[in-house]
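Biologist: Please take one buried part of this model and go through it closely, strand by strand, before you widen the view to whatever else can be stated with care.

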Amino acid sequence: MTEAFEILFTASFWVAAIRIASPLIFATMGELICERAGVLNLGIEGIMVAGAFTGWFTVYMGGDLWTGVFVAAMTGAMFGLLHGFLTVPLGLSQHVTGIGITLLASSLTYFTYRILLPEVTSPPKIEPFQPFAVPVLSDIPVLGPALFNQTPLTYLAYVTVAAVAFVLYRTPVGVAVRAVGENPSAVEAQGISVTAVRIGAVMAGSALMAIGGAFLTMSAFNSFFFEMINGRGWIAIALVVFGSWRPGKALIGAILFAAFDAYQVRLQQITGGIIPYQIFLMMPFVLSIVALVVVARRATYPKALMIPYQKGER
Amino acid sequence: MDHAEGPEAEIVLRLAGMTKRFGPLVANDAISLSLARGEVVALLGENGAGKTTLMNILFGHYTADEGQIEAFGKALPPGDPNAALAAGIGMVHQHFTLADQMTVLENIVLGTRPLWSFNLGKAEARRRIRELATGYGLDVDPDRMITELSVGERQRVEILKALYREARILILDEPTAVLTPMETDALFATLKKLVAAGLSVIFISHKLGEVQSVSDRVVVLRGGKLAGERVTSDATRRELAELMVGGQLPVNEIGPPTPGATLFELRGVATRTMGGAALKQVSMQLRGGEITGLAGISGNGQAALAALIAGTLEASEGNIIVHGETARHWSPRTALDKGLGRIPEDRHATGMIGDMSVAENVISEAYRSPRFSRFGFLDWTAAASFAGDIIKAYDVKCPSPEARVRLLSGGNMQKLILGRALDGNPDIILASQPTRGLDVGAVAYVHARLIEARDRGAAVLLISEDLDEIQTLSDRILVIHRGHLSKPSLRGELSVMELGELMAGHGVAEGAEHAA
């Protein structure tokens, strides 16, 4: 039993937790921006698949790693533009459109993969981002390596959270994004285009989701597999609710979930087959449901979430 | 109030020949009006006369089919709220355009700075808001969240939003509809200060008293057309009313009540919340032959009370006593079985089903009765003839009992609901906002039917946010504030101001918390 407890104090456990959290952080921030602007983006799962592929493929074709990240972001933004166009000016159901985007983006990705790489049986590898130890900070025991001996994309995830929080709460465009998710007519009445703000937010959010996908192919692993996103997008949607639509809280949620995930893998090894491993696989999901029930019941969601805005209607 | 009009006054706004059509409906028909510097023009008209449409065109929410707008001597491009804002036009909408989970300051600065900047300029904004607030009597803390504010404070935020953008023309759409009498007075005081500072105001209203006390000039709209224009001080109330209605104002006579036994009673009832305050320890009695009016500002528990009586909300404490017996289980069906006639607050949401026919709707509360069904099969002939009876008796304008209810006007839909509720002479009648959004003729009709029901011995509960309506119809008046009821007062016992005090929560029942 003490063994199970000691895991929590090993550096490798926390390193893994932060690594698992990184794609979730990108995806959660992306979804949070969309929802703060009043648009639910269920396209997240597919957008992550597309980002994972285009980022990786860019590098495979000889591109720079950061070029790969940029291409992934642009891929996400394009799917965001499509989702935004369908749900904002056309006012289509955000649920149906989002699921459609997920199906479209993932199928299109697999199709493209097969077209571009018809001959391969095992997925080709790239040289991914390497961990970079931040001097001094990474020498702190346990937390040092966990937080500061990671790949540059993880550092970008930290910066993203700070940037999203800063923009949402401290800049005019952030106020406009939050207002458009609360009461679009307030934005319209102040002479700002609701359509522009919403589509812009969905594009920016989708770009972040795609970077989250790219993290998996370009930082966590070194090639692209089918089904590698494996529900991380859906988890991000739950994390946004868990975080009550606040970047800081959502970050904590992402790290918590990732820690559960890292913990269950290690716990499996200790118990050595007495308990079926599926129980452990289930654990992070069960715990996130429990956490949602406890934390999110009183969450104040953006008032205009999922409500299309038509100019001139009241 | 000093008058600024006259030939030499500077004209700041001119609307010429504004026409707007929505399909076959002409909402604005060649309306022209002008506004001078430092002037308050009241735009008077009934619901549906085209006032709000006209102002939405001016503000760029709609694009007019014909007509020009000129502000400060320059043509205003149509359909662009930004152009209206830039030209110095500010609008306070009837339904506030505020983001609730944000601060006052954030709502005010929204859109006043270039979107792509790293600075909200909060300190400077806070200073300017405080300055405007003290200058014009618009006291509100810039750092509070909108959700924490009262309706009156929210309206002040809306006005501040316009002033912050240096509006020179302020449009107020039915600004007093949601205010207590005291808040209304404070608003009028603010308007005087604004006009003294050289602003011009368009005040949209359908209430004659207000129009007379606040405006310099009155422009009357009727059925989308300009019905007349008067200098306020030269016009009588009656003259304005007739311009607005296009004929004699219908008047209902109400005789002294003959109170009977208590038919319905609540004892110490509490509920959970229901879009507004929850009820806390509410006791009330409804007597036969009497109209009991429930006054209060929207959101103070009226919705919970109406739902409780209709059986859609459960009481967490206390008893419901009907005809002297404690009701054990109170559901919508028992309520109807015990003789409740229900006129719901929202015709469209809980009153009628828009996509079903008139006949289907009128039997929807009684389809189980042997009158409309045999062995579980509906008797459509009986339903159609019942619908026909209501259409005839209540003068409902509709093509046939098969017509979809959605196609009916608000007034006709309400008559249909009245017919359904009052059929079979129920002895307890719950009328929530029965005249909201109706024109004067339909209002008078609804009132006459309620008075008729009272005179034949029914207990009527009238829930309304319109204090005039409450005072005209009620034999006894209760005031609700944050889920607490005041002591009942008899007709004419309390003045408007005294009722207003109760509505604001001064002196309502035990332990009512006071607003900060």
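Modeller: Two strands count as paired if DSSP finds at least two bridges between them, where strands (E, at least two residues) and helices (H or I, at least four) are DSSP runs numbered from the N terminus. This is a predicted model, in which local features need pLDDT of at least 70 and side-chain atom pairs count only at pLDDT 80 or more, while totals for chains, interfaces and linings use all residues. Residues are numbered from 1 along each chain as its sequence is written, chains are lettered from A and ligands numbered from 1 in the order in which they are written, and side-chain values use heavy atoms, with hydrogens and water left out.

The part I would choose is strand β19 of chain B, residues 428–432, where 5 of the 5 residues are buried, so the strand is largely enclosed by the rest of the structure; buried here means under 20% relative accessible area, exposed over 50% and partly exposed in between, with a 1.4 Å probe and protein chains only. In a regular strand the side chains alternate between the two faces of the sheet. In β19(B), B:Ile428, B:Leu430 and B:Ser432 point one way, B:Ile429 and B:Ala431 point the other way, and all are buried.

Strand β16 of chain B (residues 340–343) runs parallel to β19(B) and is joined to it by 4 bridges, with B:Ala431 as the bridge partner of B:Ile343. Strand β20 of chain B (residues 459–463) is also parallel to β19(B), through 5 bridges, and there B:Ile463 stands opposite B:Ser432.

Another buried residue of this chain is B:Gln155, which has a relative accessible area of 3% and belongs to helix α5 of chain B, residues 151–164. Apart from neighbours within four places in sequence, its contacts (heavy atoms within 4.5 Å) are B:Val92, B:Phe96, B:Pro175, B:Leu179 and B:Leu187.

As for the partner chain, 34 residues of chain B are in contact with 25 residues of chain A. The rule for salt bridges (a side-chain nitrogen of Lys or Arg within 4 Å of a carboxyl oxygen of Asp or Glu) finds 2 across this interface, and in one salt bridge the side chains of B:Asp100 and A:Lys303 meet at 3.8 Å, N to O.
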